Amino acid sequence: MTQTQYAPGDFPASRGNLLTPAYLWLVRQQRARALGLAAGFGVLANLAFPPIWFWPAMLIALSGLVWLLDGAKLALRPGRAAFWRVFAFGFAYFLVGLHWIVAAFLVDPGAHLWLIWLPLLILPGGLALILASVMLLAFQLWSTGPARLITFSVLFMAAEWIRGALFGLGGLPWNLPGMAWEPGGAISQSASIWGIYGLSLLTVVALASPAALADRRPRGTTALRAAPAIAAAILFGALWGWGSQRLSTVEQQPDGPMVRLVEAGVPQAAKYDEGVAAAMVRRFSDLTGPDGSGTPSIVIWPEGALPYFLFEWPEALDLIAERLGDRRLIIGVARREQAGSSGEKTYNSLTVLSGDSALRGPLQIYDKHMLVPFGEFTPLADLIDRLGVETLQKLAPGGFSPGPRPAPVKVVGVPAFGPMICYEAIFPGLAPDGIDRPQWLVNISNDSWFGGLSGPYQHAAQARYRSIEEGLPMARVAAGGLTGMIDAYGRWTARGSPADPVIYGADPAGWKSSVVDAPIPPVAAPTPYSRWRDGLFWIIFLGLNLGLLVLPRR
């Protein structure tokens with residue numbers, strides 16, 4: 001593939017195209033102005049994500065970044081110019097997309113405010129560094145025609161996959177490009193085939209395709225230049241049509257057991273105040289209601305519903321067990337093993353309780369497998385400890401211990417379910433599959449760390465994509481977030497609303513409590529993604545790379 005260097009005064013481009021003036025203006029911007037534009041595109045791209053879902057913003061941002069990379073060829077040091085333009089884009093992209101993490105450091109500012117540089121500088125800077133480093137390779141393969149769109153897309157998604165895996169540290173596959181399509185809609189249904197990574201790759205290719213309408217080629221008809229955009233429109237039109245057909249054939253006749261989803265609405269900053277512990281137990285018990293023929297047989301409380309060691313608090317465990325009766329309670333708890341010894345371990349767990357759990361213990365326990373870096377464990381702990389960095393958790397300042405990969409939780413009286421605690425719902429392919437395929441998913445979370453910012457909306461949207469990928473309904477209970485029942489196609493069948501004070505009693509603390517009673521929706525047939533995981537994504541990825549061997553020559 002030949003590469004041509006151009007001088008600022010000698011930069012050929014198509015003539016007569018409506019986008020040519022914008023293209024020429026962008027590619028001629030250098031140094032600080034080019035970096036500012038790149039950062040602006042990074043900010044703009046976030047309008048495509050929840051809760052806004054304005055996907056044209058991603059189209060403008062990706063196409064603009066391609067043109068800025070075209071313009072990097074004009075710089076005295078093209079490679080360096082390309083690197084810093086992508087870095088500026090990535091830094092703004094991740095800073096705005098993950099800004100809600102800052103709120104977690106403000107819950108206890110006396111202890112954690114000095115660490116605010118982590119989410120404001122280190123996190124977006126580190127993720128931007130990954131993106132810029134990988135895209136620098138793309139720039140070495142840059143061409144003048146539409147082939148550069150494929151180069152751009154496959155390397156962009158390679159960087160996204162790397163930050164989603166993050167070298168075994170847990171990764172952060174948050175706000176992947178495919179999240180531009182609201183889950184439960186027609187286009188999102190294709191995630192059942194190739195997952196969110198496959199949909200993201202196709203999204204980047206499609207939304208970057210308008211960049212081909214203006215480029216360095218001095219010749220070429222408008223129709224030829226429009227071919228990539230036309231092909232993208234046809235592809236996503238077909239995905240929309242297929243997804244619409246898939247949704248139209250769904251028979252919504254829930255026949256599963258009724259489930260009560262309970263959220264007390266306690267602000268994160270108030271959970272450790274004097275007297276709140278007992279008040280939380282009473283409030284959750286009131287919202288759960290007494291056992292009776294008219295109440296659901298399954299009750300779910302969120303992650304960290306009671307941010308204390310419940311199994312070391314017999315008074316609370318007795319009250320909860322007494323209220324349950326013959327029902328089953330799925331609850332998020334912290335627990336310890338070998339407490340007080342040198343071998344003490346702390347786990348963030350999901351457990352199932354019954355009316356006799358105060359005497360016999362829990363029916364089942366699942367310990368969280370994927371832990372949140374710096375929130376639940378400290379990567380490179382020996383090095384980081386020298387800086388005095390602790391996790392945000394009061395119960396486990398030294399960090400939680402990870403459990404094994406999720407496996408179905410099987411308890412008498414509860415359909416077998418796949419457990420997902422908080423952060424685990426953002427990882428595609430983590431749910432049990434094959435012969436271990438459960439009947440539904442349960443996602444408990446504590447989103448109250450992030451206040452009313454966009455984080456809880458983004459978190460819920462990613463959980464809904466897990467239902468689409470697996471073809472399984474999901475019950476989601478999120479403290480301070482979005483609580484409700486989700487069908488196997490990513491659609492809400494019931495959403496949280498303020499609890500009726502007449503039925504459950506008004507709370508003097510003014511907590512925004514909610515209760516949702518809903519049946520478990522039907523299971524869909526096993527999806528291609530549930531069988532092959534990211535296999536089809538890698539086939540598309542490799543296919544596009546092979547296409548680069550042909551497209552430049554044409």
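**A note on the helix packing and a few individual residues**

1. A good place to start is the pair H2 and H4, whose axes come within 7 Å of each other and cross at roughly 35 degrees. Axes here are lines fitted to C-alpha atoms, for helices over the stretch in contact, and angles run from 0 to 180 degrees between N-to-C directions. The crossing is right-handed; a crossing gets that name if the near helix is turned clockwise from the far one by less than a right angle, and is left-handed if anticlockwise. On the H2 side the contact includes Arg31, Ala34, Leu35 and Ala38, and on the H4 side Trp84, Arg85, Ala88 and Phe89 are among the residues involved. By class, this contact of H2 with H4 has 13 nonpolar, 1 polar and 2 charged residues. Contact means heavy atoms within 4.5 Å, and for the classes Ala, Val, Leu, Ile, Met, Phe, Trp, Tyr, Cys and Pro count as nonpolar, Asp, Glu, Lys and Arg as charged, and the others, Gly among them, as polar.

2. Before going on, please keep in mind that this is a predicted model, in which local features need pLDDT of at least 70 and side-chain atom pairs count only at pLDDT 80 or more, while totals for chains, interfaces and linings use all residues. Residues are numbered from 1 along each chain as its sequence is written, and side-chain values use heavy atoms, with hydrogens and water left out. Helices (H or I, at least four residues) and strands (E, at least two) are DSSP runs, numbered from the N terminus.

3. H4 itself covers residues 78-97. At 1.5 Å a residue, its 20 residues should span 28 Å, and the end C-alpha atoms are indeed 28 Å apart; the expected span is 1.5 Å times one less than the number of residues. H4 is mostly covered, with 14 of its 20 residues buried. Buried means under 20% relative accessible area, exposed over 50%, and partly exposed in between (1.4 Å probe, protein chains only).

4. H3, residues 56-72, tells a similar story of length: a span of 24 Å is expected for its 17 residues, and its end C-alpha atoms are 24 Å apart, which agrees. Because 14 of the 17 residues of H3 are buried, the helix is largely enclosed by the rest of the structure.

5. How do H2 and H3 pack together, and at what angle? H2 (residues 31-45) meets H3 at about 155 degrees, with their axes 8 Å apart. The two are therefore roughly antiparallel, the term for angles over 145 degrees; under 35 counts as roughly parallel, 65 to 115 as roughly perpendicular and the rest as oblique. H2 passes H3 in a left-handed crossing. Ala34, Leu37, Ala38, Phe41, Leu44 and Ala45 in H2 face Ala57, Met58, Ile60, Ala61, Gly64, Leu65 and Leu68 in H3 through contacts. The residues here divide into 12 nonpolar, 1 polar and no charged.

6. H3 also meets helix H9 (residues 191-208), with axes that come within 8 Å and cross at roughly 70 degrees. That makes H3 roughly perpendicular to H9. Met58, Leu59, Leu62, Ser63 and Val66 of H3 make this contact with Val204, Leu207 and Ala208 of H9. Its residues divide into 7 nonpolar, 1 polar and no charged.

7. Where does Pro51 sit? Pro51 is in the loop between H2 and H3, and the peptide bond from Pro50 to Pro51 is cis, with omega near 5 degrees.

8. Two residues that are not glycine have a positive phi. Asn175, with phi of about 55 degrees, lies in the loop between H8 and H9 and is buried at 4% relative accessible area. Arg533 has a phi of about 55 degrees, sits in the loop between helix H17 (528-532) and helix H18 (535-547), and counts as buried at 14% relative accessibility.

9. Thr151 lies in helix H8 (residues 147-165). Is Thr151 buried or exposed? Thr151 is buried, with a relative accessible area of 1%. Leaving out residues up to four places away in sequence, Thr151 touches Ala138, Leu141 and Leu548.

10. Leu482 belongs to the loop between strand S9 (474-479) and strand S10 (484-486), and counts as buried at 14% relative accessibility. Its contacts beyond four places in sequence are Pro456, Tyr457, Ala460, Arg476, Trp492 and Arg495. The C-alpha atoms of Leu482 and Ala460 are separated by 6.3 Å, with the two residues 22 apart along the chain.
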